[in-house]
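Please look through the sequence and the structure below before reading on. The text then goes through a few places in the model one by one.

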There are 2 protein chains.
Amino acid sequence: MKRYLPLVACAALCAPLPLLAQDTKTHPAPSEIVASAKAGEWVAIAPSDLLVMDLAPDSKGKARRVVIQLMPKPFSQGWVGNIRKLAAARWWDGTSINRAQDNYVVQWGDATEKKALPEALATMEAKDYVTPDWPSKDWIFERADGRPDAYAGAHGFYVGWPLAQGREGLWPIHCYGMVGVGRNLAPDTGTGAELYTVIGHAPRHLDRNIALVGRVIEGIEHLSSLPRGTGALGFYEKEEERVPILSVRLGDAVRDVPAFEYLDTNSASFAAYADARANRRDPFFNVPAGGADICNIPVPIRRKAK
Amino acid sequence: MKRYLPLVACAALCAPLPLLAQDTKTHPAPSEIVASAKAGEWVAIAPSDLLVMDLAPDSKGKARRVVIQLMPKPFSQGWVGNIRKLAAARWWDGTSINRAQDNYVVQWGDATEKKALPEALATMEAKDYVTPDWPSKDWIFERADGRPDAYAGAHGFYVGWPLAQGREGLWPIHCYGMVGVGRNLAPDTGTGAELYTVIGHAPRHLDRNIALVGRVIEGIEHLSSLPRGTGALGFYEKEEERVPILSVRLGDAVRDVPAFEYLDTNSASFAAYADARANRRDPFFNVPAGGADICNIPVPIRRKAK
């Protein structure tokens, strides 16, 4: 019984330890496929495409840093441009995390509702939620499984991001950790100053209704484990409940930000990983699912080894 | 700008306030449909089908109670029977929450790995993860949308629970808040003493591979907002990080447990709610999704009004 607890945990709820060398060699777990991907299958993320948010230290004095990767072209670029301007203007410094709604979102921005925005922010339109054309001839349609998507005609991955497709075009998907733009009622589409991240089951009914501008790639636990707000919609009712934001900077303006890389979604290892996520055959599993929700195939992202 | 923040929050990320009476009357939000459901459309949950877990108070001395509804017949009843015996034996008293893995699970049980189990616990088999026959002639197949399920031939709701269907039969679905049985490698299927709940995107690859025995119906924030463990698989590395479990009792053994009820999944209001979840037409939304993941149609559960 000595190894019972770790075994239960691993066996029950994760890629199991490679106890059965034969099986794991024949049917590696998704994590094992990622670990054995070739160096050339990883793609560097430019520091200029990172947004680094430093929160006030936690109750034990521990630093809390959240690293966000901004959405690549051609998606949501008007909002992404605004976010670059807001970060350059240090607009978020001194603002706060104002909302934590269970199984939904954590939201941050200016709780005073009075902070002036930088000039020359782009005004976006609802049509900009969808990109009409395929972004590139090297687009690959990496189907997560052989079945349709409940929220779109189809879905796939492009340069490391999950996308959905319909008659109107292509759009990013509200998976766990994705970062979106809070907005007012239509036709307002938000500036990018009010942001949220998904901390629960993918709220995909928001796809094509809100701009997605990035995803948290490190430190999401500093947001997802915050006490839930007791006010309507999970807003914090008391000012002292809000978590102060010390600074938000673009990655190339932060001296000590590590280098990150993602597994090329056009690589053989990603294809094998996606198949293994959809069909777990490693020792613990009795029944492979035969498919997977695209939000259950998170694109592997890691710190680049020095 | 005065109403900016609440409006942004509500408009961006929830059922909006009924600002446009006309629209909301024509196209009520899911929450409005639930609020207007008839009294006769709600079904009482028997206290004997509740599991009440009291954790040690939080750092501010606030009580933390988690209420779980046990899985109804004919699903997972061997494990549910074991859980009733474990609760009656007060087996969990003095155990702890031992694991919090972001976007995955929170797990509890005996961290010492030495606590003797009650006698006469049922030994279950992997075949028991699936129920071969339709549970009742009054089964309804409340399709969440007109499209297939990536993890099953089809899915629906039965007496208030999301279920999937395949050639082998029917099985419960790993949605947010569902409670499952930690286990060792096959053929061990777990006793029910080691439990976890889902705190992230539905890990449906676990369907048919682990027993689901219930769901958290109140207080999940006491689990989902716990600090994530820093050990492998989100296990807490230090004993002081574990959250003590003061007691776990069946609902009919707890004097002050409130009465709960769920919205009948065979009711007109549930059908309208499910349709509205799949096709948001309330003022905020520009584009109804045209479908929904079954885990994005949580069955409404509430405290019964006194």
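What follows describes strands in chain A, a sheet in chain B and one serine, all in a predicted model.

Begin with strand β3 of chain A, which spans residues 64–70. Six of its seven residues are buried, so the strand is largely enclosed by the rest of the structure. Strand β2 (residues 50–55) of chain A runs antiparallel to β3(A), and six bridges join the two. Within β3(A), Val66(A) is the residue that stands opposite Met53(A). β3(A) also pairs with strand β11 (residues 212–218) of chain A, again in the antiparallel sense, over four bridges. Here Gly214(A) of β11(A) lies opposite Leu70(A). Strands of a sheet pair through backbone hydrogen bonds, in either a parallel or an antiparallel way.

Turn now to chain B. Three strands form an open sheet there in the order β1-β13-β14, with antiparallel pairing. Its edge strands are β1 (42–45) and β14 (301–303) of chain B, each of which pairs on one side only. On average, neighbouring strands of this sheet are turned by 35 degrees against each other, direction ignored. Four bridges link β1(B) with strand β13 (residues 260–263) of chain B, and Phe260(B) in β13(B) is the bridge partner of Ile45(B).

The last stop is Ser225(A), in the loop between α5 (221–224) and β12 (243–250) of chain A. Its relative accessibility is 19%, and because buried means under 20%, Ser225(A) counts as buried. The side chain of Ser225(A) reaches the backbone oxygen of Glu221(A) at 2.6 Å. Ser225(A) also touches residues of chain B, among them Ser225(B), Leu226(B) and Arg228(B).

Technical notes. Residues numbered from 1 in each chain as written. Chains lettered and ligands numbered in written order. Predicted model: local features only at pLDDT ≥ 70, side-chain atom pairs only at ≥ 80, totals over all residues. Heavy atoms only, no water. Buried < 20%, exposed > 50% of the residue type's maximum accessible area, 1.4 Å probe, protein only. Polar contact = N/O pair within 3.5 Å; in protein donor to acceptor, adjacent residues only side chain to side chain. Contact = heavy atoms within 4.5 Å. Pairing = 2+ DSSP bridges. Axes fitted to C-alpha atoms, helices over the stretch in contact; angles between N-to-C directions. Lists of a residue's contacts leave out its neighbours within four places in sequence.
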